[in-house]
Every structure is written in C-alpha cells, then in structure tokens.
Amino acid sequence: MSELMHNCYFIKFIGFLVHSAFFCVVFLTATQISFADLLQEFRRPKLLLRIFLVTSLAVPLITAGIVKALNVPMLLGGIMLLGSVTPGSPLALMGTKSKKGNIPLASFIMIFLIVIMPVMAPCWLWIFSHWFGLHHLQISPAKLFIAVAKLTLIPIFIGILLNLLLPKITKILRKILDIYSKTAIFIIIGVFIIPGLKMLITFSPIEWIAIIVVITLILVIGYYSGGETRPEHISIAVAATKSNLTALMAIAHVSYPHIHIFDVLLAYMIVCGLTTAIWYMLFKRQLAHNNETLQ
C-alpha cells in the first residue's frame, strides 16, 4: 500500500474516484429537490442565522477550546481546527439521507456554507495562527471557493435544472450514477480503511477523547439550535459535524505542502463516524422507548 501511495498514477486514479463520487452524490441529491425547495429556506432568516452561528462561530470555538484545553498534538489538532472552519460537505448530504433528515434543507445548508466559507475560513485561520502558533496557515478566498464549488455548487444546480427540463433522462442518469457512486465509494473505503485503522491505533487516549467530545458537543448544539421538525434538527446537526474534505486538503496543502496528513485525516474521520453512529443508535433507541420512529 505504501508503494501505491507514492505512485502518481494511482494517486490520480483515487483522486478522480473521490472527486467524481462527491460530484455524483451531490447531483443525485439535487435531482430530488427543486429551486422552489431551496428558495423556501431563504424565507426563514432566523433559522439561517442560527445555522451561521453554529457552523461558523460555535463549531470553531468549541474545537479550538478542546484542542487547547487537552493539549492535543498539532498534527491531529491542526486537522480538527481546519475541519471546524471548512463546513459544507457532500458527506453531510449522504449522512442526512441515511439518518432520515430533511434533504432540501441539507442541500440549502451546503450551498449557504460554501458561499460563506471563503469569507469565514481565512478569518479563523488568522485567529488560529495566533492562538496556536501555526504560521503560514492561510489560503486565498478565491482559491478556496473554486476548490469546493466545482464539486458542490455546480452539480447541485445541474441536478436541479436537468431534472426540471429533462426528467426522463435524469431518471436514467440517476440509476447509472447511483451505481457508479456506490462502487467508487466502496473502492475508496477498501483502499484506505487499513491505513486509517493502522493510524487509529496510534492515537493516544487524549486524542480519542478530544474528537469524541468535540463531535458530541457539536451534535447536541446543532440538533437543538433550530428547525421546526425532527428531520430539520437532524439535518443541521449532521451539517455541523461534517467537514468539506476538498477545502480542508486545499488549505493544508497550501499552508504546509511538505506535511502529509492523509493517514491522520482518515483515522480522524473514522472516529468522527463512529461517534456519530453511536449517538444516532442511542437516539433511535430513545425514540423507540418513547414509541416514536423516524419519519
């Protein structure tokens, strides 16, 4: 595996799979909604403000506080900090769908966060560089926006527009791309699960605790921050915990081009996913205890 990770053709192939899978996930989600669904969310400015406060202020502050208080090693701590300021992830759409959240709201949140990320992220990077002594932690807003827009904003608008104008063709494309995206994700997981697990066992108890505490606090704050229905609460909570990996990697590469973070990032994602999954199972169990179900 280590030899493959230094093979430029293999890296390009995996990069293509990751980017195309993200593109397809967003496109497939977009074919389930309309422009009217997105515009409807603009009519709730209070909810929009709450989403902004949670994702762009509370999440970075909570993450920075835990990293500082527990003295998390900066290789993992730096990833956690970058993850806290790069919201708007296609993975949030997948998580929202699997957890029966509100898809139109999740799509709107992703668009909103990607639009404001190029403004908020550089501000937080400047703050973090002073709080943690992370010199050269920076990226231009334009470069950050371009990196994420092509995998998120473009496919979401193509998906909505194509479904509106050519619904029959969209239906065929949906079946094809659904198979492709699942296959690509399966290959990606198969390739990287072992390196991620190997790195995971090197994490200290403090590193485990830091990730679990951060994700737990964000889930709770995100869930109770706004929304009128349980699916909306779930959508906001999931969006708050998911980082845009394209933006995170772009910042890391520009700021520290000679530091390799991929294995640590994989391990971090595994712990985040496990933490979220455990809380979701407990959440469903509590609902079942109250004779309720997710709709």
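This passage describes the salt bridges, the aromatic contacts and a nonpolar surface patch of a predicted model.

A search of the whole structure finds 4 salt bridges, and Glu41, Arg44, Glu228 and Glu232 are linked by such bridges in a network. Glutamate 41, which lies in helix α2, meets arginine 44 in a salt bridge with an N to O distance of 2.5 Å, and the side chains of these two residues are likewise joined by a polar contact of 2.5 Å. Both partners of this bridge are buried; glutamate 41 is assigned to that class because its relative accessible area is 7%, under the limit of 20%, and arginine 44 counts as buried at 17% relative accessibility.

Arginine 44 also forms a salt bridge with glutamate 232, at 3.1 Å from N to O. This pair links distant parts of the chain, since arginine 44 is placed in the loop between α2 and α3 whereas glutamate 232 belongs to helix α11, 188 residues apart. As with the bridge to glutamate 41, the two residues joined here, arginine 44 and glutamate 232, are buried.

A further bridge in the network is formed by the side chains of glutamate 228 and arginine 44, with an N to O distance of 3.9 Å. Here too the pair links distant parts of the chain, glutamate 228 being located in the loop between α10 (205-224) and α11 (230-241) and arginine 44 in the loop between α2 and α3, 184 residues apart. Glutamate 228 is exposed, with a relative accessible area of 64%, while arginine 44 is buried.

The aromatic side chains were examined next. The structure holds 10 aromatic pairs, among them phenylalanine 35 and phenylalanine 157, whose ring centres are 6.1 Å apart and whose planes meet at 20°, so that the pair is classed as stacked. Because phenylalanine 35 lies in helix α2 (residues 35-41) and phenylalanine 157 in helix α8 (residues 153-165), the pair ties together parts that are 122 residues apart in sequence. Phenylalanine 35 is partly exposed at 29% relative accessibility, and phenylalanine 157 is partly exposed at 37%.

The rings of phenylalanine 192 and phenylalanine 262, by contrast, have their centres 5.0 Å apart and their planes at 70°, and the pair is therefore edge-to-face. Phenylalanine 192 is part of helix α9 (residues 167-200) and phenylalanine 262 of helix α13 (residues 262-289), so this contact ties together parts that are 70 residues apart in sequence. The two rings differ in burial class, as phenylalanine 192 counts as buried at 6% relative accessibility, whereas phenylalanine 262 is partly exposed at 30%.

One aromatic cluster is formed by Trp124, Phe128, Trp131 and Phe132. The charged end of lysine 68 sits over the ring of phenylalanine 132, at 5.0 Å from its centre. A similar placement is found for lysine 99, which lies over the face of tyrosine 280 at 5.4 Å from the ring centre.

Trp131, a member of the aromatic cluster, also contributes to a nonpolar surface patch of about 450 Å², which is made by this residue together with Leu49, Leu53, Leu57 and Leu61. The largest share of the patch, 4 residues, comes from helix α3 (residues 45-69). Leucine 57 is located in this helix, and its relative accessible area of 30% places leucine 57 in the partly exposed class.

Definitions and conventions. Residues are numbered from 1 along each chain as its sequence is written. This is a predicted model: local features need pLDDT of at least 70, side-chain atom pairs count only at pLDDT 80 or more; totals for chains, interfaces and linings use all residues. Side-chain values use heavy atoms; hydrogens and water are left out. Patches are made of residues with over 30% relative accessible area and no salt bridge: like charges are joined within 9 Å, nonpolar side chains (Val, Leu, Ile, Met, Phe, Trp, Tyr) within 5 Å. Accessible areas come from the Shrake-Rupley method with a 1.4 Å probe; for residues, only the protein chains shown count as cover. Helices (H or I, at least four residues) and strands (E, at least two) are DSSP runs, numbered from the N terminus. Buried means under 20% relative accessible area, exposed over 50%, partly exposed in between (1.4 Å probe, protein chains only). Rings of Phe, Tyr and Trp (its six-membered ring) pair if their centres lie within 6.5 Å; planes under 30 degrees apart count as stacked, over 60 as edge-to-face and the rest as tilted. A charge sits over a ring if NZ of Lys or CZ of Arg is within 6 Å of the ring centre and within 35 degrees of the ring normal. A polar contact is a pair of N or O atoms within 3.5 Å; within protein, one must be able to donate a hydrogen and the other to accept it, and residues adjacent in sequence count only if both atoms are side-chain atoms.
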